[in-house]
Amino acid sequence: MELKDLKPAEGSRKARKRVGRGPASGTGKTAGRGMNGQKSRSGGGKGVGFEGGQTPLARRLPKLPGFKNFNRVEYLPVNVKRLEEVFEAGDIVDGESLKAKGVIKHADALVKVLGDGDLTKALTVKVDKVSASAKAKIEAAGGKVEEPC
């Protein structure tokens, strides 16, 4: 047996139906589409997503609750009282040190320091964002805030 001798199994291949090829073919003139109507026309039929005149799902969805803004930037909140508990005076507070102390899970996460609680230690804070009240408390305790541009 050679490659040229290979043939598909009997009955597995079927010739395509050639429509619109004269009255003797059995599918001439209207080509099996019937007489009139939307589906007999070229390009006829309803579009993808057509729901019988009802507002389609793609147009209803934005009205439903639960829309998420994909441009939103999420920050992990860390309060001043947590910095008071975890860090010693003179320490540098950044992503790496927060991860090392177990305050956050990933060092590259965006962090915002918030002003809940009191701070008595002078810390150097180098995180992505700091609230106005937290900044005032850090500077009142003798520390400094270094935010990236």
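Q: Why is D116 called partly exposed?
A: Let's start with its number, which comes from a predicted model. D116 has a relative accessibility of 41%. Buried would need a value under 20% and exposed one over 50%, so a residue in between counts as partly exposed.

Q: How do you know that the side chains of D116 and K81 meet in a salt bridge?
A: Look at the N to O distance between D116 and K81, which is 3.3 Å. The cut-off is within 4 Å, so this pair qualifies as a salt bridge.

Q: What makes D116 and K81 a tie between separate parts of the chain?
A: D116 sits in the loop between β3 and β4, whereas K81 belongs to helix α2, so their pairing links parts that are 35 residues apart in sequence. K81, like its partner, counts as partly exposed, at 41% relative accessibility.

Q: Why are E74 and R72 called exposed?
A: The relative accessible area is 55% for E74 and 56% for R72. Exposed means over 50%, so both residues earn the word. Their side chains meet in a salt bridge, with 2.9 Å from N to O.

Q: How do you know that E146 forms a salt bridge with K126?
A: The closest N and O atoms of E146 and K126 are 3.8 Å apart. That is within 4 Å, so the pair counts as a salt bridge. E146 lies in the segment after β6 and K126 in the loop between β4 and β5, so this pair joins parts 20 residues apart in sequence.

Q: Which residues are linked with E146 in a network of salt bridges?
A: K126 and K144 are linked with E146 in that network. The structure holds seven salt bridges.

Q: What is the nearest side chain of opposite charge to E84, and why is there no salt bridge?
A: The nearest one is K121, 4.2 Å away from E84. A salt bridge needs a nitrogen and an oxygen within 4 Å, so this pair does not qualify. E84 is buried and lies in helix α2, residues 80–86. K121 is still one of the residues in contact with E84, along with D118, L119 and T120, once neighbours within four places in sequence are left aside.

Q: What makes a group of residues a nonpolar core, and how many residues has the largest one here?
A: Its members are buried nonpolar residues joined through side-chain atoms within 4.5 Å. The largest core has 18 residues, and those with the most contacts inside it are L83, L98, V113, V125 and V130. Helix α2, strand β3 and helix α4 each supply at least two residues of this core, and the largest share, three residues, comes from α2. V113 is in contact with L83, V125 and V130, among others.

Q: How do you know that β1 and β3 pair?
A: Four bridges join β1 and β3 in the parallel sense. At least two bridges are needed, so the two strands count as paired. L76, for example, stands opposite V111 in β3.

Q: Why are β2 and β6 called edge strands?
A: In the open sheet with the order β2-β4-β6, β2 and β6 each have a single partner strand, so one side of each is left without a neighbour in the sheet. β2 pairs with β4 over two bridges, and I92 stands opposite T124 in β4.

Key. Residues are numbered from 1 along each chain as its sequence is written. This is a predicted model: local features need pLDDT of at least 70, side-chain atom pairs count only at pLDDT 80 or more; totals for chains, interfaces and linings use all residues. Side-chain values use heavy atoms; hydrogens and water are left out. Buried means under 20% relative accessible area, exposed over 50%, partly exposed in between (1.4 Å probe, protein chains only). Lys and Arg count as positive and Asp and Glu as negative; His and the chain ends are not counted. Contact means heavy atoms within 4.5 Å.
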